[in-house]
Number of protein chains: 2
Amino acid sequence: MKNSESFLMFADCSAVYDGRARSTLARGNYLIIKKTDGSISIHGSTLITPRNYMGAGTNIVIAPDNIIANRKSEKLIITIYDILECYYPYDWSDSKIEISRTEAELVDKLIAGASTYFDGTIELIEREYRTDAGPIDLFVKTSTNTYLVEAKRARITLNACYQIRRYMDAYGLDAIPCVAGPGISDNAKKHCDSNSILYISVDFD
Amino acid sequence: MKNSESFLMFADCSAVYDGRARSTLARGNYLIIKKTDGSISIHGSTLITPRNYMGAGTNIVIAPDNIIANRKSEKLIITIYDILECYYPYDWSDSKIEISRTEAELVDKLIAGASTYFDGTIELIEREYRTDAGPIDLFVKTSTNTYLVEAKRARITLNACYQIRRYMDAYGLDAIPCVAGPGISDNAKKHCDSNSILYISVDFD
DNA sequence: CTCTTTATCTCGTCT
DNA sequence: AGACGAGGTAAAGAG
């Protein structure tokens with residue numbers, strides 16, 4: 001077996017890791033992935049995350065019956081008993097995903113258009129404002145009010161309403177609880193109306 | 001192509017995800033892994049983590065030229081232009097790693113040998129003791145003292161010393177700050193000596 | 001280079 | 001089912 005830049009191997013193997021912790025992987029059939037960035041990972045038949053792995057830039061030495069991966073103070077030794085399949089990917093893409101419509105993006109929009117969303121002149125605006133109940137997505141203090149905003153990238157549900165209430169309790173002082181998102185369920189809207197929670201409609205694009 | 005329980009596919013494809021965020025993956029050659037727990041992931045030629053993924057229990061429908069994965073309010077659509085390789089793993093193991101030398105293990109040892117590590121008779125011993133600064137690894141109250149212990153599986157560094165100091169501030173009452181681990185750096189030891197932090201040497205095995 | 005923050009965090013555990 | 005916290009968190013961003 002030659003040490004190509006990358007390979008996919010399905011093999012009868014076992015593994016031992018020593019580094020930040022120490023672990024053993026019992027013998028069995030696993031998928032071993034070696035990537036072009038020098039990372040290596042061992043996947044079992046369940047879970048998104050690999051059983052064992054070593055990050056990019058790992059020094060990987062491949063012998064007939066084992067693979068030894070070294071990196072700083074970490075070492076992964078894979079003992080190979082039998083190779084059931086080995087494939088060398090051709091022109092494997094390294095494209096990243098292009099992501100959008102995150103909660104952060106909505107908060108950006110709220111900040112950019114703060115003067116239209118909130119009454120008074122903005123005195124302080126802060127994201128991830130810390131409370132004992134966790135961080136509030138957006139904290140806005142204006143000349144007339146203080147707003148605590150929970151933003152959701154999807155339709156606002158009752159859950160978001162309860163969440164902002166928790167933050168209100170933790171905040172303690174007088175403020176206007178808000179939920180912001182591109183839509184809101186009937187139940188949530190009803191709850192907002194009868195509990196003085198302000199719904200802010202904010203859309204992507 | 002039949003919908004086996006699991007498969008490894010290297011294919012010319014693209015993907016769109018909509019759920020907790022929204023993302024697109026540009027067309028290219030990627031590794032698609034479908035596992036026996038109903039999870040699916042798309043890997044590029046770099047990084048340990050997949051480009052796209054859907055967790056265990058996803059409803060996956062496979063057609064000749066696409067794969068559609070649904071789960072609660074998430075959807076992943078993989079458009080397949082060409083299958084370069086497809087492999088159906090035989091007897092793919094689902095063994096988990098057996099891990100040791102974790103921080104928790106060190107705390108176990110501290111608890112088991114508490115009477116040798118701490119002065120006085122043990123009155124209360126509690127792990128993950130909650131403070132405003134976060135949970136303290138180990139809280140020990142004896143007839144003579146109260147100990148706050150920060151445990152590290154690796155050599156104690158200055159960082160751990162500062163961490164236990166933060167916990168001391170949050171705790172407020174009189175107590176002896178401790179760092180416990182299998183070793184300690186010279187700098188950290190010096191810091192402990194001059195700041196009345198107790199270093200507890202505790203080894204694995 | 002180290003440190004800090006984010007994440008479609010994942011994944012286990014507990015209530 | 002939902003809440004909570006750990007993780008060999010990994011990976012991106014800032015200084």
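# A tour of two chains and two DNA strands

Start by selecting β8 (97–100) of chain A and β4 (52–54) of chain B, each of which supplies at least two residues of the surface near DNA strand C. Keep in mind as you look around that this is a predicted model.

**Stop 1: DNA strand C**

Now show everything around DNA strand C. You should find 14 surrounding residues, the closest being I48(A), I97(A), R20(B), N52(B) and Y53(B). Of the atoms of this strand that come within 4 Å of the protein, 72% are sugar and phosphate. If you colour the surface near DNA strand C by residue class, seven nonpolar, three polar and four charged residues appear.

Which side chains of chain B have a polar atom close to a base oxygen here? Select Y17(B), where a polar side-chain atom sits 3.0 Å from a base oxygen of DNA strand C. Next, pick N52(B): a polar atom of its side chain lies 2.8 Å from a base oxygen of the strand. Then add E74(B), with a side-chain N or O atom 3.0 Å from a base oxygen of DNA strand C.

**Stop 2: DNA strand D**

Move over to DNA strand D and repeat the selection. This strand is surrounded by 15 residues, and R20(A), Y53(A), E74(A), I48(B) and R130(B) are the closest. Sugar or phosphate accounts for 70% of the strand's atoms within 4 Å of the protein, while the rest belong to bases. By class, the surface near DNA strand D is made of eight nonpolar, two polar and five charged residues.

Here are three contacts to zoom in on:

- R20(A): an N or O atom of the side chain is 2.8 Å from a phosphate oxygen of DNA strand D.
- N52(A): a polar side-chain atom lies 3.0 Å from a base oxygen of DNA strand D.
- I48(B): a polar backbone atom is 2.5 Å from a phosphate oxygen of DNA strand D.

Two elements give two or more residues to the surface near DNA strand D: β4 of chain A and β9 (122–131) of chain B. Which element gives the largest share of that surface? Highlight β4(A), which contributes three residues.

**Stop 3: where the chains meet**

Hide the DNA for a moment and show chains A and B together. Here 51 residues of chain A contact 51 residues of chain B. About 4,400 Å² is buried between the two chains, and carbon and sulfur atoms give 55% of that area. Try selecting R22(A), S45(A) and I48(A): these supply 15% of the area that chain A buries against chain B, more than any other three residues.

**Stop 4: a closer look at S45(A)**

Stay with S45(A), which you will find in the loop between β3 (40–43) and β4 (52–54) of chain A. Is S45(A) buried or exposed? Its relative accessible area is 3%, so S45(A) counts as buried. Leaving out residues up to four places away in sequence, S45(A) touches R51(A) in chain A, along with K35(B), T36(B), D37(B), W92(B), S93(B) and D94(B). Draw a distance from the side chain of S45(A) to the backbone oxygen of W92(B), and it should read 3.5 Å.

**Stop 5: the domains of chain A**

Finally, zoom out and colour chain A by domain. Domain 1 covers 7–87 and domain 2 covers 103–201. The centres of these two domains of chain A, taken over C-alpha atoms, are separated by 46 Å.

Note on methods:
Residues numbered from 1 in each chain as written. Chains lettered and ligands numbered in written order. Predicted model: local features only at pLDDT ≥ 70, side-chain atom pairs only at ≥ 80, totals over all residues. Heavy atoms only, no water. Near = heavy atom within 4 Å. Polar contact = N/O pair within 3.5 Å; in protein donor to acceptor, adjacent residues only side chain to side chain. Helix = DSSP H or I, 4+ residues; strand = E, 2+ residues; numbered from the N terminus. Nonpolar A, V, L, I, M, F, W, Y, C, P; charged D, E, K, R; others polar. Buried < 20%, exposed > 50% of the residue type's maximum accessible area, 1.4 Å probe, protein only. Contact = heavy atoms within 4.5 Å. Domains from an automatic or database assignment. Buried area = accessible area lost by both parts, 1.4 Å probe.
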